[in-house]
Amino acid sequence: MARKMNVPNTLSLLRVFLTPIFMLAALLLQSFPVWCRIFPALLFLAAAITDMLDGKIARKHNIITDFGKFIDPLADKFMIFGACITFLVIDSATAPVFVWVSAVVMLRELAVTSLRLVVAGQSGIVVAASFFGKCKTVTQVVAVMVMFLEPVLAWLSSLISLAPLTAFFGNHVLSYIAMAAMAITTVASGVDYMKSYFPYIDTNK
């Protein structure tokens, strides 16, 4: 008889399934009123919440599994990479800047994932999430939410005739600030991981 999947792994799989759904929703709703961006934003937020919950539940109830170690980071990559690809398609105004931020994020994630695998294979050390890594995750989630919702804020400001706020949000100022924070913490966490764990890699093997 097949064993029932535990809650943390279920949450991780839910994050995998939510990623293409929020991507598709964002793409399909481009021609709809701007407030419709709230829907894919909420789907992304739900996916991000599963990321917060699955690890906590697994550690609290001591139900860490090999499948969980595999699917949790993979689901994280799907979620963030999916968000990056989505905004490069739907937000042409910010794309010239965000394409570089996305490149930094993707290269960092691939580099750290490779580092984890090599260190675990050679030294048996599990590379744990660092303070910078947690900051990186928070800023990535915040940046995505800001990029989803800033156009909605610009629309609301125009409805109530607040011209300065309309111009502020309409020029994507918050999005650019969030992108900068996202890039800085992504680079900082990548450097921190490399500095901490690269010495464990035997370059002669």
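**Figure 1. Aromatic pairs in the predicted model.** This predicted model holds 4 aromatic pairs. One of them joins phenylalanine 87 and phenylalanine 98, with ring centres 6.2 Å apart. Their planes stand at 85 degrees, so the pair is edge-to-face. A plane angle over 60 degrees is what earns that label. The pair links distant parts of the chain. Phenylalanine 87 sits in helix H3 (residues 66-90), and phenylalanine 98 sits in helix H4 (residues 95-123). In sequence, the two are 11 residues apart. Both phenylalanine 87 and phenylalanine 98 are buried. Ring pairs also bring in Phe148, making a cluster of Phe87, Phe98 and Phe148.

**Figure 2. The whole chain, for orientation.** The protein chain has 7 helices and 0 strands. Along the sequence, the pattern reads α-α-α-α-α-α-α. Of the 205 residues, 40% are buried. Contacts between residues at least 6 apart in sequence are mostly long-range: 80% of them join residues at least 24 apart. The chain exposes about 11,600 Å². Carbon and sulfur atoms supply 74% of that area.

**Figure 3. Confidence along the chain.** The mean pLDDT of the protein chain is 85. A value of 70 or more is reached by 85% of the residues. Among the elements, helix H1 (residues 7-28) has the highest mean, at 92. Helix H4 has the lowest, at 83. Where pLDDT is low, the predicted coordinates should not be read in detail.

**Figure 4. Helix H2 and the residue that follows.** Helix H2 covers residues 38-60, a run of 23 residues. At 1.5 Å a residue, H2 should span 33 Å. Its end C-alpha atoms are 33 Å apart, which agrees with that expectation. Many names can be picked out as buried in H2, including Pro40, Ala41, Leu43 and Phe44. Further along H2, Ala47, Ala48, Thr50 and Asp51 are also buried. So are Asp54, Gly55 and Ala58. Asparagine 62 follows H2. The phi of asparagine 62 is positive, near 50 degrees.

**Figure 5. Valine 34 and alanine 154, far apart in sequence.** Valine 34 lies in the loop between H1 and H2. Alanine 154 has its place in helix H5. The two are 120 residues apart along the chain, yet their C-alpha atoms are separated by 9.5 Å. Valine 34 has a relative accessibility of 26%, so it counts as partly exposed. Alanine 154 has a relative accessible area of 12%, so it is buried. Leaving aside residues up to four places away in sequence, valine 34 touches Pro151, Val152 and Trp155. With its own neighbours within four places set aside, alanine 154 is in contact with Thr166, Phe169 and Gly170.

**Figure 6. Two loop residues with positive phi.** Serine 161 is found in the loop between helix H5 (131-159) and helix H6 (163-170). Its phi is near 60 degrees, a positive value in a residue other than glycine. Serine 161 is exposed, because its relative accessible area is 63%. Histidine 172 lies in the loop between H6 and H7. Histidine 172 is not a glycine either, and its phi is positive, about 65 degrees. The relative accessible area of histidine 172 is 18%, so this residue is buried. The cut-off for buried is under 20%.

**Figure 7. Threonine 186 in helix H7.** Threonine 186 has its place in helix H7 (residues 173-197). Its relative accessibility is 0%, so threonine 186 counts as buried. Not counting residues up to four places away in sequence, threonine 186 touches Val104, Val105 and Arg108. Lys136 and Gln140 are also among its contacts.

**Figure 8. Cysteines without a disulfide.** A search of the whole structure finds 0 disulfides. Cysteine 36 has a relative accessibility of 11%, so it counts as buried. Cysteine 84 is buried too, with a relative accessible area of 1%.

Key. Residues numbered from 1 in each chain as written. Predicted model: local features only at pLDDT ≥ 70, side-chain atom pairs only at ≥ 80, totals over all residues. Heavy atoms only, no water. Helix = DSSP H or I, 4+ residues; strand = E, 2+ residues; numbered from the N terminus. Buried < 20%, exposed > 50% of the residue type's maximum accessible area, 1.4 Å probe, protein only. Contact = heavy atoms within 4.5 Å. Disulfide = S-S within 2.5 Å. Phe/Tyr/Trp six-rings, centres within 6.5 Å; stacked < 30°, edge-to-face > 60°. Areas by Shrake-Rupley, 256 points an atom, 1.4 Å probe, with all protein chains shown as cover. pLDDT = per-residue confidence, 0-100. Expected span 1.5 Å × (residues − 1).
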